Amino acid sequence: MLAGCIAALFDPISAFAQRTKQVRLDQSVRELPKSEQRWALVVGIDEYQDKSIGRLIGAANDAKLLSEALVKFAGFSPDQVILLATDQPAERQPTRINILHRLANLKSVVPPGGLLLFSFSGHGMERNGSAFLIPSDAQLSEDVEFLQQTAVSVEYVKKSIRESPAEQVLLLIDACRNQPGGRAAAPNLMTRAFAHGFEFDLRNREVRAFAALYGASVGERAYEYNEKKMGYFTWAVVNGLAGSAADKNGEVTLRSLIRYVQEIVPKRVGADIGGRPQNPYAVVEGYLAEDLLIASPRSKLEPQISLEEAEKQVLEVEEAYAEYRARFGAGHLKTLELIGRREQARLALIQTKNGPDRETQIAAWELEKRANSLYADGRILDAVTELTEALKVSPDSPYGYQTRGGLYQRLMQWDQAISDFSEAVKLKPSYSAPYRDLAWSYLQVAGQQQIPIDPRALADARQAVAIRRCPFNLMILSMVEPDSERKIELLTQALQAGPDPDYYTRRGAVNFQADRLDLALSDYENAILLRPDLLPAIVARAKTLDKLGRREEAKQEFDRARHLGYSGSVAPPK
């Protein structure tokens, strides 16, 4: 349950030691307070009223996703996580008065012995040795006295926390992205004033334990992950809390989270930007980091679960993960959550079996866990390599073959994908995902090579539906069923589970091919209503309007499609 700023390096022991300052007192704290004693104030600022302050693209999203992660994984009650961000309603805007007001209110609501987490993503600055956080309504100045009136001083935040009854404090500061004034690309490096500004004096009993986590080390900048609309650090933290930072006992501890983020952040920044260091830094005092449980993914299984129930839960989460991965890819928050859940469920199954090959299975699990992290990071080839090593260690894992097959699909290496899915079917005939993905692979091969669809596609898709009659399996079956009425029936059944723009678009296409133009138009309009920027539905609607003779409306829709990136013909082929 941390987010805002942590550190890097690849050997886990040396990484933790070099980028983490840890002070152990006689009474090291080994656990967080109970859920009802945890409070959080999470601030994210992209837009500033003073237009001379550079705009950010990921800070508000950082705050939103961190807030969700604290509730989903870190044991915080939803009504005890206060979110202030520039994409929120007026009463939740991160103005100076709102930030100070919430800090003041927390003094009275955090119970004695409680935990207070404060996270800030946005601009920060230092003047004459004093550190300041820049709220959305701030005005910049070189005058420190003026800044004390318009910005939020780090010392004031620290004073407010110190005056609260909280005994434990977690601070997440990601305020060194770029210069607040002038060009957004200008560096704004972490300074010692920020690095030490939030530290508490445990010996004078200001608090009992605290961890201060920073987006970069002194002299470095924290970068924004443009593709994800987040900071690199918060992206890694959310992923870690979801389970990717779990240790071999299936727990996310303070230490395991720091290790995970210290490894992944500099690697990802280096791969995307190159030559620019970002090594998040942590100060830990009073906590015994290796024992402090930070998060538990929701699907963590009870230790007394039976082998049959453990296998059932693994199959359920693997089915869900395979579907979300296929539909939405690695960056979707639900996919990230399911990555964590599947890792925990698989580990629980290994622990439930407790056989002589347990250590071998844990070794394979750790390799797959590493592959999941690489996949979430967009490094598909590296993930394939790790999964190949995992399958060498544990060659009887249907889920390993299924996951690697899915990555081969992403790489459009269809022969390898089909081989892996076939192996998964042999090892786990009751698993629907490989049957469905076999059907999809045969369909793609036919389309790319301009050959008839392999007859096995229909048999595999039907088997997938027979095992698990979920909307996604029904949709894939509709794509290989030869009869148009049967296609409509399957897609209608899929939509009965809930409105979905992709399924409406598919059914619209079937109706269009059957010359049921009014029904096709209705389906495309429903799809666009659910997702206004869904380009396939917009183009299909334009072509349907054109075929209905409604040329002016069709032209407007094609113009809209071109604005969204469509480069096809302005009108459908005659």
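This report describes the aromatic pairs and one helix packing in a predicted model.

The model is predicted, so that local features need pLDDT of at least 70 and side-chain atom pairs count only at pLDDT 80 or more, while totals for chains, interfaces and linings use all residues. Residues are numbered from 1 along each chain as its sequence is written, and side-chain values use heavy atoms, with hydrogens and water left out.

The chain holds 22 helices and 14 strands, taken as DSSP runs numbered from the N terminus (helices H or I of at least four residues, strands E of at least two). Of its 574 residues, 56% are buried, where buried means under 20% relative accessible area with a 1.4 Å probe and protein chains only. Among contacts (heavy atoms within 4.5 Å) with a separation of 6 or more, 69% are between residues 24 or more positions apart.

**Aromatic rings**

A search of the whole structure gives five aromatic pairs; rings of Phe, Tyr and Trp (its six-membered ring) pair if their centres lie within 6.5 Å, and planes under 30 degrees apart count as stacked, over 60 as edge-to-face and the rest as tilted. Two of these pairs are set out below.

| Pair | Centre to centre | Angle between planes | Class |
|---|---|---|---|
| Tyr-225 and Trp-235 | 5.2 Å | 85 degrees | edge-to-face |
| Phe-558 and Tyr-566 | 6.2 Å | 25 degrees | stacked |

Because Tyr-225 lies in strand E10 (residues 224-225) and Trp-235 in helix H7 (residues 232-244), their pair ties together parts that are ten residues apart in sequence. Tyr-225 is buried, with a relative accessible area of 2%, and Trp-235 is buried as well, at 3%. Ring pairs also bring in Tyr-232, which forms a cluster with Tyr-225 and Trp-235. In the stacked pair, both Phe-558 and Tyr-566 are buried.

A ring also meets a charge where the charged end of Lys-547 sits over the ring of Phe-512, 4.9 Å from its centre; the criterion is NZ of Lys or CZ of Arg within 6 Å of the ring centre and within 35 degrees of the ring normal.

**Packing of H9 and H15**

Helix H9 (residues 307-328) packs with helix H15 (residues 432-449) at an angle of about 25 degrees, their axes being 9 Å apart. Axes are lines fitted to C-alpha atoms, for helices over the stretch in contact, and angles run from 0 to 180 degrees between N-to-C directions. H9 and H15 are therefore roughly parallel to each other, a term for angles under 35 degrees. H9 contributes Glu-319, Ala-322, Glu-323 and Arg-325 to the contact, and H15 contributes Ser-432, Ala-433, Arg-436 and Asp-437. These contact residues divide into two nonpolar, one polar and five charged, with Ala, Val, Leu, Ile, Met, Phe, Trp, Tyr, Cys and Pro counted as nonpolar, Asp, Glu, Lys and Arg as charged, and the others, Gly among them, as polar.

Note on methods:
Buried < 20%, exposed > 50% of the residue type's maximum accessible area, 1.4 Å probe, protein only. Parallel < 35°, antiparallel > 145°, perpendicular 65-115°, else oblique.
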